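Biologist: I'm new to this one, so please pick a single part and walk me through it closely. Then tell me what sits around that part.

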Amino acid sequence: MQKYEYISGTGRECMANNLPEQPSELFKVLGHPGRLAILDILRNGEQCVCHLEAHLGYRQAYISQQIAILREAGLIQDHRDGLNIYYRVVRPEVYALIDVARTMVGVAIPRSLFDAPNAPCPCPKCATPILMPINERKS
C-alpha cells in the first residue's frame, strides 16, 4: 500500500524541476478558481499582467501570486518585452484536463472571459489603435 503525505500551502513544496511529481499536486495547483481563470484567458495566447488584471478585476499582486504558482508548476512561462512581462501556457494539455473536469461537473468553458475586458488595459498590445484606411474614416 502506498503511503501519501499531506502537502500544506500552495502546492509549491513538492514541485521538483517545475513538474508536479504526483497528479494530486497538479490537481492542487488547478484547484483554485483564480488560477483557472488565468489559464482560461491564456487560452487565447500570451497576455501581460495588466491584461489579466483588466479582464479579471483582480489586483495585480493577487494575479502575480497565482502566476507564480502556475509558473512553479511548469504550466506557464514568461518573457519580458520592454516594461511588460507576458505570460503563456507551455503545457497546453492542461486544457484537456480542465475541460474534462468542467464536463464532469456540468460547467461550460466561461466564454465571457474572452470578451472585452472589464477595465481598459494600458499595455501596448491593447492600447495600439486600430488603423483604418483614409477612405473608410467618417468625416
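Modeller: First, a bit of vocabulary: helices (H or I, at least four residues) and strands (E, at least two) are DSSP runs, numbered from the N terminus. This is a predicted model, so local features need pLDDT of at least 70, side-chain atom pairs count only at pLDDT 80 or more, and totals for chains, interfaces and linings use all residues. Residues are numbered from 1 along each chain as its sequence is written, and side-chain values use heavy atoms, with hydrogens and water left out.

Let's start at G34, which is in helix α2. G34 counts as buried because its relative accessibility is 1%; buried means under 20% relative accessible area, exposed over 50%, and partly exposed in between (1.4 Å probe, protein chains only). Leaving aside neighbours within four places in sequence, G34 is in contact (heavy atoms within 4.5 Å) with Y58 and Y62. Its C-alpha atom is also 8.7 Å from that of L56, 22 residues away along the chain.

L56 takes us to α3, where seven of the eight residues are buried, including H51, L52 and L56. Just after α3, G57 has a positive phi of about 80°.

Back to α2, which lies across β1, β2 and β3 and runs at about 90° to β3. For that angle, axes are lines fitted to C-alpha atoms, for helices over the stretch in contact, and angles run from 0 to 180 degrees between N-to-C directions. Those three strands form an open antiparallel sheet in the order β1-β3-β2, where two strands pair if DSSP finds at least two bridges between them. β1 (47-48) and β2 (76-81) are the edge strands, each pairing on one side only. In β3, Y86 is the bridge partner of C48, and C48 is buried because its relative accessible area is 1%.

What does α2 add to the inside? It gives the most to the largest nonpolar core, with five residues. Such a core is a set of buried Ala, Val, Leu, Ile, Met, Phe, Trp, Tyr and Cys residues joined through side-chain atoms within 4.5 Å. This one has 22 residues, and I38, L39 and L42 are among those with the most contacts inside it. α1 (23-30), α3 (49-56) and α4 (60-72) are among the other elements that each supply at least two residues. A second, separate core of six residues includes C50, A54, Y86 and C121.
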